[in-house]
Amino acid sequence: MWRKFNILALVLALGACGFEPLYVERHSDEKWYYKGEFDSSITDEISQIKVELADDRIGQLVRNELLDSFTPKGVPEKPKYRLEIVHINKLETKQAMRGDITATRERVEYKLQYKLFDAQTGEQLVSGDTLALLGYDIMSNPYSTTFSQKKIEKDAAQIMANDISLRIGAYFHSVLTKRGNPNEL
């Protein structure tokens, strides 16, 4: 009983604070989203993005995550937009030094630059940087250390892809909200 009450209170609090879904536009003027119709033009625009191939492993992992996020039904035949992963920088820092000056931990910073272009005109629409900071323990067993390195690469790719997805979703949300007509994009 109390659990249902808490969930209802949370839903009412979210509605009162001005919470709005990012990837859909309210189609009607109803106050409650579940009563109105949704305009899915934002997700339709995002599904028209072609993510270009990347040069290195972390770029490929980010690309795969973005493909899952943007185009879960498959890459569009005639994409309206093109997303490039321009530059990836990896910085490794040894930490937690032992007495013999060997590290027991490593901090890894991935920084990625991306650009979204209009596929027809070549005009740059969005660009930005995203960052992932992770770390792993350096074990006495090399296999364990290698496994940890691969794990943080995958985690970093997911973090950066989620950040890019949110930023591009926010871009389309702002463009479609200003114009009001999704066909004008």
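Which residue in the turn of the hairpin formed by β5 and β6 has a positive phi? In this predicted model, the residue is G122, whose phi is about 80 degrees, and the hairpin leaves five residues between β5 and β6.

## The chain as a whole

The secondary structure of the protein chain consists of four helices and six strands, and, read from the N terminus, these elements follow one another as α-β-β-α-β-α-β-β-β-α. Of its 185 residues, 31% count as buried, while the accessible surface amounts to about 12,100 Å², with 52% of that surface belonging to carbon and sulfur atoms.

Contacts across the sequence can also be described by how many positions they bridge. Among the contacts in the protein chain with a separation of 6 or more, 58% are made by residues that stand 24 or more positions apart.

## The open sheet

Four strands make up an open sheet, arranged in the order β3-β4-β5-β6, and their pairing is mixed. The edges are taken by β3, residues 49-51, and by β6, residues 124-137, each of which pairs on one side only. On average, and with direction ignored, neighbouring strands of this sheet are turned by 25 degrees against each other. As background, the strands of a sheet pair through backbone hydrogen bonds, and they may do so in a parallel or an antiparallel way.

Going through the sheet pair by pair, β3 and β4 are joined in the parallel sense over three bridges, and K50 has R82 in β4 as its bridge partner. The pairing of β4 with β5 is antiparallel and extends over 15 bridges; here K94 has E106 in β5 as its bridge partner, and H87 stands opposite Q113, which is also found in β5. Finally, β5 and β6 run antiparallel and are joined by 13 bridges, with Q124 in β6 serving as the bridge partner of F117.

## The hairpin of β4 and β5

The hairpin of β5 and β6 described at the start has a counterpart earlier in the chain. β4 and β5 form a hairpin with five residues between them, and I101, which lies in the turn, has a positive phi of about 65 degrees.

## A helix across the strands

Helix α3, which covers residues 57-70, lies across β3, β4 and β5, and runs at about 130 degrees to β4. Its length can be checked by a short calculation: the expected span is 1.5 Å times one less than the number of residues, so the 14 residues of α3 should span 20 Å, and this agrees with the end C-alpha atoms, which are 20 Å apart.

Several residues of this helix are hidden from the surroundings in the sense used here. The buried residues of α3 are I58, G59, L61, V62, R63, L66, L67 and F70.

## Aromatic rings and helix α4

How many aromatic pairs does the model contain? The count comes to two aromatic pairs. In one of them, the rings of Y81 and F172 have centres 5.0 Å apart and planes at 65 degrees; planes over 60 degrees apart count as edge-to-face, so this pair is edge-to-face. The pair links distant parts of the chain, since Y81 belongs to strand β4 (residues 81-97) and F172 to helix α4 (residues 142-179), with 91 residues of separation in sequence. Both Y81 and F172 are buried, and together with Y171 they form one aromatic cluster.

Is G169, another residue of helix α4, buried or exposed? A residue is called buried when its relative accessible area is under 20%, and G169, at 0% relative accessibility, therefore counts as buried. G169 and T43 are 126 residues apart in sequence, and in space they are 8.1 Å apart, taken from C-alpha to C-alpha.

Definitions and conventions: Residues numbered from 1 in each chain as written. Predicted model: local features only at pLDDT ≥ 70, side-chain atom pairs only at ≥ 80, totals over all residues. Heavy atoms only, no water. Phe/Tyr/Trp six-rings, centres within 6.5 Å; stacked < 30°, edge-to-face > 60°. Helix = DSSP H or I, 4+ residues; strand = E, 2+ residues; numbered from the N terminus. Buried < 20%, exposed > 50% of the residue type's maximum accessible area, 1.4 Å probe, protein only. Pairing = 2+ DSSP bridges. Axes fitted to C-alpha atoms, helices over the stretch in contact; angles between N-to-C directions. Contact = heavy atoms within 4.5 Å. Areas by Shrake-Rupley, 256 points an atom, 1.4 Å probe, with all protein chains shown as cover.
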